[in-house]
Amino acid sequence: MLQKLQEFNDCIREAIEIIISIRGYAEVRIFDIFDIKYMSKKDIFTKKNITSNGKNAIFYGDISRKYDCFAQEIINRIDNESYEKATKVEKEQILVNLEDFGYEDIGRCVLYQNAKGAAVNGNVAILSLKDTFKDIIDLRYISFYLNYKDTVRDYIYKKSTGEKVKRLAKLDFENILIIIPTLEVQKQTVDKFIELKIKFEKDIEEIENRIKLIDGYSKVYDERILNFKKYSVVDKEISDKW
């Protein structure tokens, strides 16, 4: 069984490489290149379990709200007992959120890059790249592609169901199409994204510093105006007495 599965993966890889050599890219579905583990334990740990001295944890609702494609620095930690009970995402695995309140948060993912595993909760999928494809796929590219490619976001918008809570079915998730260019192009794409992201963050920081500076000047100006008005009133009262 395992041998047949390996032969099947080898065929897929060969097809990908041939198509890329001809067209410059190939289209694959998520289940073609990843082993997928699903879980839906929302209450295995909650915000009440957060502790500053605990172990790494990623809440499903934070995947798109507090992370952006890659996760090395961990935002939350939970107590040891809850951590041991929970499913873990390990380094070089991709964590995908399959359920949330808004379409913009469904299907968002993060490539986990921390050496120590993180406990996860919620209706999520954990993607492990099959060994056959590890030297032709950049996982950073996959994470970036799922989060930002317009065709993927449109597909998820159409396939998600539910009124108050939106969900993406497992089968629909597994059939998401991903365009795979050469490994070199994958790396260039991600490096450019990281470069622009860093520049954007620096620009935002500079704008925030300017706003703080302007606010500081404004406060000084307001104080001077108030003092001027106060002294003007006092001077007028003295002048009236004379």
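The legends below accompany close-up views of a predicted model of one protein chain.

**View 1. Overview of the protein chain in the predicted model.** The chain holds eight helices and 13 strands, and 39% of its 242 residues count as buried. Among the contacts in the chain with a separation of 6 or more, 77% are made by residues that stand 24 or more positions apart.

**View 2. The open sheet of five strands.** The strands follow the order S2-S11-S7-S9-S4, and their pairing is mixed. Strand S2 (34–41) and strand S4 (69–71) stand at the edges with a single partner strand each, so one side of each is left without a neighbour in the sheet. From one strand to the next, the twist averages 30 degrees. S2 runs antiparallel to strand S11 (residues 122–129), to which eight bridges join it; within this pairing, tyrosine 38 has alanine 125 of S11 as its bridge partner. Helix H5 (residues 139–148) packs on the sheet, where it touches S2, S4, strand S7 (94–97), strand S9 (109–112) and S11, and the direction of H5 makes about 165 degrees with that of S9.

**View 3. Helix H5 and its surroundings.** Eight of the 10 residues of H5 are buried, so this helix is largely enclosed by the rest of the structure. The buried residues are Leu139, Tyr141, Ile142, Ser143, Phe144, Tyr145, Leu146 and Asn147. At the N-terminal end of H5, aspartate 138 acts as the cap, with a side-chain oxygen that lies 2.9 Å from the backbone nitrogen of arginine 140.

**View 4. Aromatic pairs that involve helix H5.** The count of aromatic pairs in the model comes to seven. In one of them, the ring centres of tyrosine 141 and tyrosine 145 are 5.7 Å apart and the ring planes stand at 40 degrees, so the pair is tilted. These two tyrosines both belong to helix H5, where they are four residues apart, about one turn of the helix, and both tyrosine 141 and tyrosine 145 are buried. A further pair is formed by phenylalanine 144 and phenylalanine 193, whose ring centres are 4.8 Å apart and whose planes stand at 45 degrees, so this pair is tilted as well. Because phenylalanine 144 lies in helix H5 and phenylalanine 193 in helix H8 (residues 183–241), the pair ties together parts that are 49 residues apart in sequence.

**View 5. The aromatic cluster around phenylalanine 144 and phenylalanine 193.** Phe70, Phe144, Tyr148 and Phe193 form one aromatic cluster. Phenylalanine 144 has a relative accessibility of 18% and therefore counts as buried, and phenylalanine 193, with a relative accessible area of 14%, is buried too.

**View 6. The buried and exposed sides of helix H6.** In helix H6 (residues 150–159), the buried residues are Val152, Arg153 and Ile156. Around the helix axis they cover an arc of only 95 degrees, which means that they lie on the same side of H6. Tyr157 and Lys158, by contrast, are exposed on the other side of H6. The elements that cover the buried residues of H6 include H5 and strand S13 (177–181).

Key. Residues are numbered from 1 along each chain as its sequence is written. This is a predicted model: local features need pLDDT of at least 70, side-chain atom pairs count only at pLDDT 80 or more; totals for chains, interfaces and linings use all residues. Side-chain values use heavy atoms; hydrogens and water are left out. Two strands pair if DSSP finds at least two bridges between them. Axes are lines fitted to C-alpha atoms, for helices over the stretch in contact, and angles run from 0 to 180 degrees between N-to-C directions. Contact means heavy atoms within 4.5 Å. Buried means under 20% relative accessible area, exposed over 50%, partly exposed in between (1.4 Å probe, protein chains only). The arc is that of the directions from the helix axis to the C-beta atoms. A polar contact is a pair of N or O atoms within 3.5 Å; within protein, one must be able to donate a hydrogen and the other to accept it, and residues adjacent in sequence count only if both atoms are side-chain atoms. Rings of Phe, Tyr and Trp (its six-membered ring) pair if their centres lie within 6.5 Å; planes under 30 degrees apart count as stacked, over 60 as edge-to-face and the rest as tilted.
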